[in-house]
Amino acid sequence: MLDQLKDWINRRLTGPAEHHDLKHLPTPKVAGGQHLSDCRLIVLDLETTGLNSAKDQVIAIGAVAIDGLSIPLHDQFDLILRRPELDISETVLIHGITPEALVQGHETEDALLYLLEWMNGDPVLAFHSAFDQKFLEKSLKHTLGYTQQHTWIDVADLMPALFPEAEMDRGRLDNWIDHFRLDISARHHAAADALATAELTLMALSRALKADITTVMQLTEKLRFYRRLKDMNRH
């Protein structure tokens, strides 16, 4: 499946970056009255050279869309960036991306422009989203001068907020995969992790709808309440 998706993306990556107009990229959508049952959400995962957003760099982007409470196989994104100058010796065993892959990857500017177009300004979800948000925003600013703020939702908070009976306060992605016994063929690959996170998100959205949480705004309000309650319990 991933090979087919890569072929689809490669067919789209046929023009240079200058064919894209930064001034006319899709406008990020605020968390409003979009109905969870029929809106499009982006679930994203990044592979990086390390954990420090101040010095480390993005080397791969994986994302899937949730549209109408399903994951369309044709609506996914999986790219390795062309970053031959980077030293990935300390992380290659984690993400499996080789120096050769970074030489053959897609130009960073082109890849980020296509990502923004593909995202279409839709809300972005990620597991421990602060990590992905910092890295992506840094890459967009440094590479494109792009500083628009997107709506981000943290699936690491969403899961315990909607499944308190699991008793996993911001557990790791692997913990939630094991808890729901998901059959995940690969891990620590951006596209595979994004797909796993999307499957968990679908479970969370189903639980939210049963609790009469029907819009993106209500979902973000639920998360704010969950975080406030968690902060209060710490004191």
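Me: Which residues touch the most other members of the largest nonpolar core?

Reply: In this predicted model, L162, W176 and L219 touch the most other members of the largest nonpolar core, which holds 34 residues. The elements β1, β2, α6, α7 (173-179), α8 (190-210) and α9 (216-234) each supply at least two residues of this core. Leaving aside its neighbours within four places in sequence, L162 is in contact with A204, R207, A208, I213, L219 and K222. A second core, separate from this one, has 27 residues, among them F77, L113, L116 and Y146.

Me: Why is P160 counted as buried?

Reply: The cut-off for buried is under 20% relative accessible area, and P160 has 6% relative accessibility, so P160 counts as buried. This residue has its place in helix α6. Once neighbours within four places in sequence are set aside, the residues in contact with P160 are V155, M168, D169, R170, W176 and Y226. One of them, R170, is 10 residues from P160 along the chain, and their C-alpha atoms are separated by 6.5 Å.

Me: What makes β3 and β5 the edges of the sheet?

Reply: The sheet is open and has five strands in the order β3-β2-β1-β4-β5, with mixed pairing. Both β3 (76-80) and β5 (152-154) have a single partner strand, so each of them has one side that is left without a neighbour in the sheet, and that places them at the edges. On average, neighbouring strands of this sheet are turned by 25° against each other when direction is ignored.

Me: How do you know that β1 pairs with β4?

Reply: Two strands count as a pair if there are at least two bridges between them, and two bridges join β1 (residues 40-48) to β4 (residues 124-126), so the condition is met. These two strands run parallel, and the bridge partner of I42 in β4 is V124.

Me: Which helices pack on the sheet?

Reply: Helix α5 (residues 129-144) packs on the sheet and touches β1, β2 (58-67), β4 and β5, with a direction that makes about 80° with that of β1. Helix α6 (residues 155-162) also packs on the sheet, where it touches β4 and β5, and its direction makes about 55° with that of β5.

Me: What makes β2 and β3 a pair, and how do they run?

Reply: The condition is again at least two bridges, and five bridges join β2 to β3, so these strands pair as well. They run antiparallel, with A63 standing opposite F77 in β3. Although β3 stands at an edge of the sheet, β3 is mostly covered, with four of its five residues buried.

Me: How do you know what helix α4 should span?

Reply: The expected span is 1.5 Å times one less than the number of residues, so the 12 residues of α4 (residues 108-119) should span 16 Å, and the end C-alpha atoms are indeed 16 Å apart, which agrees. Of these 12 residues, 10 are buried, so the helix is largely enclosed by the rest of the structure. Among the buried ones are D110, L113, Y114 and W118. Just after α4, N120 takes a positive phi of about 60°.

Me: Why is the contact between D122 and K29 called a salt bridge?

Reply: A side-chain nitrogen of Lys or Arg has to lie within 4 Å of a carboxyl oxygen of Asp or Glu, and the side chains of D122 and K29 meet at 2.9 Å, N to O, so the name applies. The pair links distant parts of the chain, with D122 in the loop between α4 and β4 and K29 in the loop between α1 (2-12) and β1, 93 residues apart. At a relative accessible area of 5%, D122 is buried, whereas K29, at 31%, is partly exposed.

Me: What does the salt bridge between D122 and R40 tie together?

Reply: The closest N and O atoms of D122 and R40 are 2.7 Å apart. Since D122 lies in the loop between α4 and β4 and R40 in strand β1, the pair ties together parts that are 82 residues apart in sequence. With 16% relative accessibility, R40 falls under the 20% cut-off and so counts as buried. Salt bridges that share partners join K29, R40, D75 and D122 into one network.

Me: How many salt bridges does a search of the whole structure find?

Reply: The search finds 11 salt bridges. One salt bridge joins the side chains of R172 and D174 at 3.3 Å, N to O.

Terms used. Residues numbered from 1 in each chain as written. Predicted model: local features only at pLDDT ≥ 70, side-chain atom pairs only at ≥ 80, totals over all residues. Heavy atoms only, no water. Axes fitted to C-alpha atoms, helices over the stretch in contact; angles between N-to-C directions. Contact = heavy atoms within 4.5 Å. Buried < 20%, exposed > 50% of the residue type's maximum accessible area, 1.4 Å probe, protein only. Core = buried A, V, L, I, M, F, W, Y, C linked by side-chain atoms within 4.5 Å.
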